[in-house]
Amino acid sequence: MSEERQEATPGQETTRVELMSRPTPLEAAPRLARAIGLEPGDLWVKRDDLIGLGGGGNKVRKLEWTAGAARAEGATTLVTSGAAQSNHARLTAAAGARLGMDVVLVLAGAPSEGMTGNIVLDGLFGARVVWAGEVSEAELAAAVEDVAGELREQGARPAVIPFGGSSVLGARGYAEAGTELLEQAPDLATAVVALGSGGTMAGLVHALGAERVLGVHCGAIADPGHTVGHLVEGLAGRPAATSLRLRLDQVGPGYSALTEPVMDAITTAARTEGIVLDPVYTGRALAGLIAAVHDGQVRPGERTVFLHTGGLPGLFGHTETLRRARSAVADTAVRWPRG
């Protein structure tokens, strides 16, 4: 099955597999709300990080549709791509294990002696990793097609799951999540979400309306507005004049770079609510929310939901974040007994 097949219209016959229990919790975050300039009852966290499969995260909702369609069409192997610490790749590996399917991950970069975080879990779930080297988006996509072709020649029946799971079909998972969220918070004013490959935001926009979704760009794709708009139109089945709410100010030097606002956001969430964010996606999303409060884009007195899309294993694969966290421990450590 090709990526184009997965872009079929939302009304197509398909088979969704059950990979999670729903609904995921919606939890109040009053101490974090105060810390960022909101009222205690304003801020809530939608805990999609607590989805059970494979360490949790938003990609599971998409994989229920994309992997389900692949299995229904007779595929034996799931093939997908991502960065070295891709959460989507990890969860595709976990979904394959759950469904009894082989998984091949085509990852940008090269193997190293200190492989940690998501890469360890990829192997634990039984996925095979193909390292594509330092490649562009187009080159990575071409490598995926080459790998899928080789698998066909070997007698396998591969299905290509798109980068980040973000196709019209995959975005249906977050159209459903948006409906789920409205049942939990009918007075929702703003849902804040990391904008990676675009499918999560697109699904939420389809369900909630563009005015209630604030996407914080993480640097994973070159044109986030175009990508999200294309997916929203695919979900609607018609052209849509959609004015998206986007923040493009948290990428910093690049996708994998840790910035001070992001480190501050990670630390604030940890020390006010005991919630762990990652430096690439959820840390950036919270930094974007903090900036939006400061400039009045998100206001006190309105229900704001922060969508926690997971990514904890990626934190353990991010060298600079780990260095900063270890430094914080060293700064507060006390030897006992005191001399």
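Which domains does the lining of the largest cavity draw at least three residues from? Hold that thought while I set the scene. What you see above is a predicted model. I will go through the domains, then the empty spaces, then a few single residues.

Domains first. The protein is divided into two parts. Domain 1 covers 26–56 and 166–325. Domain 2 covers 59–164. Their centres, taken over C-alpha atoms, are separated by 24 Å. The two are in contact: 30 residues on the domain 1 side meet 24 residues on the domain 2 side.

Now back to the opening question. The answer is domain 1 and domain 2, with at least three lining residues from each. 

Let's look at that space properly. Rolling a probe the size of a water molecule over the atoms shows where empty space is left. For this model, the count is 2 cavities of 30 Å³ or more. The largest cavity holds about 250 Å³ of space. Its lining is made of 25 residues. Which of them lie nearest the centre? They are Lys-59, Gly-164, Gly-196, Ser-197 and Tyr-281.

Which elements build this wall? Five of them supply at least two residues each: α3 (59–72), β3 (77–82), α4 (87–99), β7 (188–195) and α8 (199–208). The largest share comes from α8, with 3 residues. As for character, the lining has 15 polar residues, 8 nonpolar and 2 charged.

Next, stay with Lys-59. We just met this residue among those nearest the centre of the largest cavity. Lys-59 sits in helix α3. In the UniProt record, an unreviewed entry, the position carries the feature "modified residue: N6-(pyridoxal phosphate)lysine". Is Lys-59 buried or exposed? It is buried, because its relative accessible area is 11%, and the cut-off for buried is under 20%. Who are its contacts? Setting aside neighbours within four places in sequence, Lys-59 is in contact with Asn-87, His-88, Leu-91, Gly-164 and Ser-197. Two of these names should ring a bell. Gly-164 and Ser-197 also appear among the residues nearest the cavity centre.

The UniProt record has another label for us. It places the feature "active site" at Ser-86, again from an unreviewed entry. Ser-86 lies in the loop between β3 and α4. Both β3 and α4 are on the list of elements that supply the lining of the largest cavity. Ser-86 counts as buried, at 9% relative accessibility. Beyond residues up to four places away in sequence, Ser-86 touches Ser-81 and Asn-118.

On to the second largest cavity. Its volume is about 40 Å³. Its lining consists of Leu-32, Val-45, Ala-269, Ile-275, Leu-277, Leu-286 and Phe-306. What is the character of that lining? There are 7 nonpolar residues, no polar and no charged.

Now an open space rather than a closed one. The second largest pocket has a volume of about 230 Å³. Two elements give two or more residues to its lining: α10 (260–273) and α13 (319–332). The most comes from α10, with 5 residues. Residues lining this pocket include Met-263, Ile-266, Arg-271, Leu-315, Arg-324 and Ala-328. By type, the lining has 8 nonpolar residues, 2 polar and 2 charged. One residue to point at is Leu-277. It lines this pocket, and Leu-277 also lines the second largest cavity.

Two more residues before I stop. Asp-48 lies in the loop between β2 (43–47) and α3. At 0% relative accessibility, Asp-48 counts as buried. Leaving out neighbours within four places in sequence, its contacts are Thr-24, Gly-56, Gly-57, Asn-58, Arg-61, Tyr-174 and His-308.

Last is Ala-127. Find Ala-127 in the loop between α5 (118–124) and β5 (128–131). Ala-127 is buried too, with a relative accessible area of 13%. Without neighbours up to four places away, Ala-127 is in contact with Ala-93, Val-103, Leu-105 and Asp-122. How far apart are the C-alpha atoms of Ala-127 and Val-205? The separation is 33 Å, for residues 78 apart along the chain.

To wrap up, one picture to keep: the largest cavity draws its lining from domain 1 and domain 2, and Lys-59 is one of the residues nearest its centre.

Key: Residues are numbered from 1 along each chain as its sequence is written. This is a predicted model: local features need pLDDT of at least 70, side-chain atom pairs count only at pLDDT 80 or more; totals for chains, interfaces and linings use all residues. Side-chain values use heavy atoms; hydrogens and water are left out. On a 1 Å grid over the protein atoms alone, a cavity is a set of points where a 1.4 Å probe fits but cannot get out, and a pocket is an open set with protein on both sides within 12 Å along at least five of seven lines; lining residues have an atom within 4 Å of a point. Grid points are joined across faces, edges and corners, and a volume is the space filled by probe spheres set on the points. Helices (H or I, at least four residues) and strands (E, at least two) are DSSP runs, numbered from the N terminus. Ala, Val, Leu, Ile, Met, Phe, Trp, Tyr, Cys and Pro count as nonpolar, Asp, Glu, Lys and Arg as charged, and the others, Gly among them, as polar. Domain bounds come from an automatic or database domain assignment. UniProt positions are given in the numbering used here, feature names are shortened, and annotations may be inferred rather than shown by experiment. Buried means under 20% relative accessible area, exposed over 50%, partly exposed in between (1.4 Å probe, protein chains only). Contact means heavy atoms within 4.5 Å.
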